[in-house]
Each structure stands twice: as C-alpha cells, then as structure tokens.
Amino acid sequence: MNASATSVTQLALLHQADVVLMHNYAPAPLVLTHGKAATVWDISGKAYLDFTAGIAVNTLGHAHPAILQAISTQAQQLMHVSNLYATQPCIELATKLTYLGGFSKALFCNSGAEANEAAIKLARKWAKHHKHATATELVVFGNAFHGRTVGALSLTPKDSYQVPFAPLMPHVKVGVFNQIEGLNTLITENTAMVMVEPIQGEGGVNVASRQFLQALRQRCDETNTILWFDEVQCGMGRTGSLFAFEQVEEIHPDGVSLAKGLGGGFPIGAILTTEKLSDTFQPGDHGTTFGGNPLACAVALAVLNELTQPVFWANVRDCGKLLQEGLVQLRVDFPQLVTDVRGVGLMQGLALAEGKLAVGNLVTHARNAGLLLVGAGGNTVRLIPPLVVTPAEIHQALGVLRSILVDA
Ligand SMILES: Cc1ncc(COP(=O)(O)O)c(C=O)c1O
C-alpha cells in the first residue's frame with residue numbers, strides 16, 4: 001500500500017474506532033501496528049520513539065525475543081487452568097518475586113486495580129482480627145492514583161474520577177503527600193492500612209521523601225497498621241532497582257502491589273506480603289479466574305530474568321541520569337516554560353508553567369515530531385520509556401522537547 005492509501009486506511013479505522021469503542025478514552029489519532037525495542041510504527045509506516053511504553057508497561061520494549069520465546073513455549077504447553085490447580089510458572093514466579101523483595105507470599109491477579117482491591121480486602125480482614133472489629137479505615141494521600149475499580153477508585157482522591165460514580169467505599173481518609181505533620185491524627189487505632197505510591201505516577205511524578213516514608217513506617221508500627229506500597233507504576237525496575245522502595249534503605253512495607261511492568265506488556269498483577277499477612281486469606285476469601293495463569297507467569301518470569309541481569313541496571317541508571325540531566329538543562333534554558341523536573345531513574349516528569357504551555361499541546365507537538373509522551377497531574381509530562389532505551393534515543397527525545405520549547 002502506498003502512503004496515501006495507508007493514511008486513508010488509518011482514517012477509516014479511527015472512524016470505526018469512534019463508532020464501536022466506548023468513549024472513555026480520547027486516543028491519539030493514529031493506529032499502531034508494530035514495534036521493536038523503543039520504537040513503534042503506525043499503519044502509515046511512520047515511526048515513533050515510544051517514551052510512553054504503554055504507560056510504564058513495556059519494560060523490555062516491543063517484541064523482545066525473551067518475551068516472544070516465553071509466550072510461544074508456554075502457549076504450546078499450558079495457557080490456563082485456573083487456580084484450582086498449581087502450575088510451575090506461577091510457583092516459580094512467586095518464589096522469585098518474594099525472595100527478591102523480602103516478602104513471604106504472593107497472590108496473582110490481572111491488573112493494578114485488581115492488585116489494590118486484593119490489598120484492601122486483605123488489610124480489612126487482617127485489621128479486624130489483629131486490631132479491632134471497627135479498624136476499617138484506609139489512608140491514602142492527595143494526588144494518589146490507585147485504580148478505577150470501585151474499591152481502588154475510592155482510594156484515588158480526585159473529584160473528576162470519583163464524583164460521577166459516588167457513593168464510593170466509605171472509611172477512606174486522605175492525607176497530604178510528603179507532609180509528616182498530622183500523621184498522628186491521620187493514622188490511628190482505627191486504621192487498617194496506609195497505601196502510598198513511593199513515586200506518584202498519574203498524580204504528577206511526585207517522589208515521596210525518605211523522611212515521609214520513614215514517618216509512615218514509624219506511625220504504622222506504633223498503631224499496628226499495615227503499610228502498603230503501590231508500586232504498580234514505579235516498580236519493576238523503573239527507578240533503577242527492582243522495587244522502588246529499595247531506593248529508600250531500611251524501609252520495608254508490609255505489602256506491595258505490582259502490575260504494569262511485571263508482564264512487560266502481558267497483563268498480570270500481583271501483591272506480595274510479609275509473614276505478618278501470610279495467613280489472612282483462607283480458601284473462599286478471594287479469587288480470580290485468570291490470575292496467576294501459566295502464560296502470564298511465564299512471561300513475567302522471562303521479564304524478571306532480564307531485569308535481574310547486572311548489565312540491565314547499568315543501562316537504567318545511565319539512561320535515567322542522562323534523561324534527568326537533559327531535562328534539568330531544559331529547565332535552566334527555558335525557565336519561563338519549565339517549572340520543575342521530578343523523578344527517579346526512567347520515571348521522570350517535566351512540569352510546565354500553567355497558562356504558558358499545556359501538556360496536551362506539548363504531547364501533540366511531540367507526537368507530530370515522532371515522540372510519544374503521556375501527561376500526568378500538575379501540568380506535567382511524563383517520560384517513561386522502555387528500560388531498554390538507549391542513550392542515543394534519550395538524546396533524540398531531549399532534542400524533540402528542546403525544539404518544541406524553542407518554538408513555544
Ligand atoms: C500507581 C498505580 N496504581 C494502580 C494503577 C491501576 O492499574 P491498572 O490500570 O492496571 O488497573 C495504576 C495505573 O496507572 C497506577 O499507576
């Protein structure tokens with residue numbers, strides 16, 4: 001097909017998408033067909049540098065041979081049997097993840113929201129037994145994002161997300177992210193669980209301070225409350241260590257939620273818990289038909305095997321540093337347009353001056369120039385490339401951003 005024929009095809013497909021798909025998203029006006037490493041192509045053959053990575057999902061980029069091999073091998077053996085039966089990939093993945101994170105048990109599911117739903121149920125049941133019958137409160141923080149299902153949405157304190165679907169789950173208290181003052185009244189004998197993202201993603205790439213996380217750990221210990229880290233977005237290597245909490249020495253949560261990067265593009269979620277929570281769920285308490293299926297677990301194992309190579313971490317750290325330094329330079333060069341640079345490793349946010357340059361406009365200009373980006377809260381644009389991104393690609397992305405800022 002020639003270029004104009006393919007763009008006609010693209011327009012026709014986009015029109016059909018508009019007709020048949022619900023409008024809960026406003027997707028970019030292109031139809032993607034294939035990808036390799038950090039590049040994706042649309043149906044007209046145009047290439048894009050993918051600094052969205054399926055919203056922090058494609059840890060190994062697109063079409064990574066280890067993932068393709070795992071899918072092919074496992075699909076020929078066993079794809080799904082339900083949790084009525086054990087399978088080797090599921091057992092092996094649980095063994096590796098718990099060992100690497102210092103946890104004792106894993107529970108698999110299919111997404112980040114589902115992982116957080118499991119955390120809510122687990123915490124409520126645990127607190128009823130280990131605190132008291134009405135220790136049902138859940139504490140989260142401003143700008144948190146914990147998912148879109150009703151329980152997880154109740155922990156996502158943003159009016160535009162919550163109000164149309166009210167009433168939501170009660171007994172949720174919202175604290176101020178990174179504010180230590182007031183934690184004693186926020187977290188009490190009535191709190192079952194505190195859930196926090198070590199780095200908020202959707203909320204604007206806000207990094208929790210070491211002091212804040214330490215204060216949370218201390219207050220949770222004082223009140224016998226579960227401290228839960230939602231690492232759905234910031235986990236699985238994005239910060240330069242497998243778990244984001246490893247960046248903050250000596251703070252270990254009682255549980256952690258994972259999804260997104262865990263399967264490198266194949267849907268899978270998980271919670272990992274310490275010994276304290278190990279026996280809380282008993283048969284009948286919680287379930288999922290697909291969670292922990294051998295195909296998803298085999299892919300996650302392949303991803304994990306790549307992520308645990310030392311050479312891998314060196315790339316994440318080097319490219320993360322390069323990206324952050326480049327963004328800081330943009331802030332220095334364009335102080336009227338760029339107000340802040342926040343992030344760790346390959347999870348970076350560029351905050352733009354309100355009223356000067358809208359995130360949506362920057363994302364559109366970048367896409368036209370062949371760079372895929374995604375916005376976040378606080379007029380921030382997120383840079384969350386695959387972890388296999390190269391230094392040359394980081395320079396390329398920074399070059400696109402610079403040219404947009406020059407013209408703005
Ligand atoms: C920190 C965090 N938790 C939970 C979720 C929900 O994950 P999912 O979209 O897989 O349900 C997200 C998604 O962006 C997230 O960033």
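When I say polar contact today, I mean a pair of N or O atoms within 3.5 Å. Keep that in mind, everyone, while we look at the ligand in this predicted model.

Let's begin with Glu 202. An N or O atom in the side chain of Glu 202 sits 3.4 Å from an oxygen atom of the ligand. That fits the cut-off I just gave you, which is within 3.5 Å. Gln 233 also uses its side chain: an N or O atom there is 2.8 Å from an oxygen atom of the ligand. With Phe 145, look at the backbone instead, where a polar atom lies 3.3 Å from a nitrogen atom of the ligand.

How many residues are around the ligand, and which come nearest? There are 13 around it, and the nearest are Gly 112, Ala 113, Asp 230, Gln 233 and Lys 260. You have met Gln 233 already, through its side chain and that 2.8 Å distance.

Now, on to the helices. Two packed helices are described by the angle between their axes and the distance between the axes. We'll take three pairs, and I'd like you to find each one on the screen.

Our opening pair is helix H3, residues 65–77, and helix H10, residues 294–307. Their axes are 9 Å apart, and the packing angle is about 150 degrees. Angles over 145 degrees count as roughly antiparallel, and so that is what we call H3 and H10. Their crossing is right-handed. On the H3 side, the residues that meet H10 are Ala 66, Ile 67, Ala 70, Ile 71, Gln 74 and Ala 75. Facing them from H10 are Pro 294, Leu 295, Ala 298, Val 299, Ala 302, Val 303 and Glu 306. Sorted by class, this contact has eleven nonpolar residues, one polar and one charged.

H10 has another partner, H4. The axes of H4 and H10 come within 8 Å and cross at roughly 40 degrees. Are they parallel or oblique? They are oblique, because the roughly parallel class takes angles under 35 degrees. This crossing is left-handed. From H4, the contact includes Pro 89, Cys 90 and Leu 93, while the H10 residues include Pro 294, Ala 298 and Leu 301. By class, the residues of this contact are eleven nonpolar, one polar and two charged.

For the third pair, move along the chain to helix H12, residues 359–368, and helix H13, residues 391–407. Here the axes come within 10 Å and cross at roughly 125 degrees. H12 and H13 are therefore oblique to each other, and their crossing is right-handed. H12 brings Leu 362, His 365 and Ala 366, and H13 brings Val 400, Leu 401, Ile 404 and Leu 405. That gives six nonpolar residues, one polar and no charged ones.

Before I finish, a quick tour of some loops. Which peptide bond is cis? It is the one from Ala 166 to Pro 167, with omega near 0 degrees. You will find Pro 167 in the loop between helix H7 and strand E6.

Ser 82 is not a glycine, and its phi is positive, near 80 degrees. Look for Ser 82 between H3 and helix H4, in the loop. Glu 250 is another non-glycine with a positive phi, this time about 70 degrees. The loop holding Glu 250 runs between strand E10 and strand E11.

Thanks for listening, and do stop me for questions!

Key:
Residues are numbered from 1 along each chain as its sequence is written. Side-chain values use heavy atoms; hydrogens and water are left out. Axes are lines fitted to C-alpha atoms, for helices over the stretch in contact, and angles run from 0 to 180 degrees between N-to-C directions. Helices (H or I, at least four residues) and strands (E, at least two) are DSSP runs, numbered from the N terminus. Angles under 35 degrees count as roughly parallel, over 145 as roughly antiparallel, 65 to 115 as roughly perpendicular and the rest as oblique. A crossing is left-handed if the near helix is turned anticlockwise from the far one by less than a right angle, and right-handed if clockwise. Contact means heavy atoms within 4.5 Å. Ala, Val, Leu, Ile, Met, Phe, Trp, Tyr, Cys and Pro count as nonpolar, Asp, Glu, Lys and Arg as charged, and the others, Gly among them, as polar. A residue is near a molecule or strand if one of its heavy atoms lies within 4 Å of it. A polar contact is a pair of N or O atoms within 3.5 Å; within protein, one must be able to donate a hydrogen and the other to accept it, and residues adjacent in sequence count only if both atoms are side-chain atoms.
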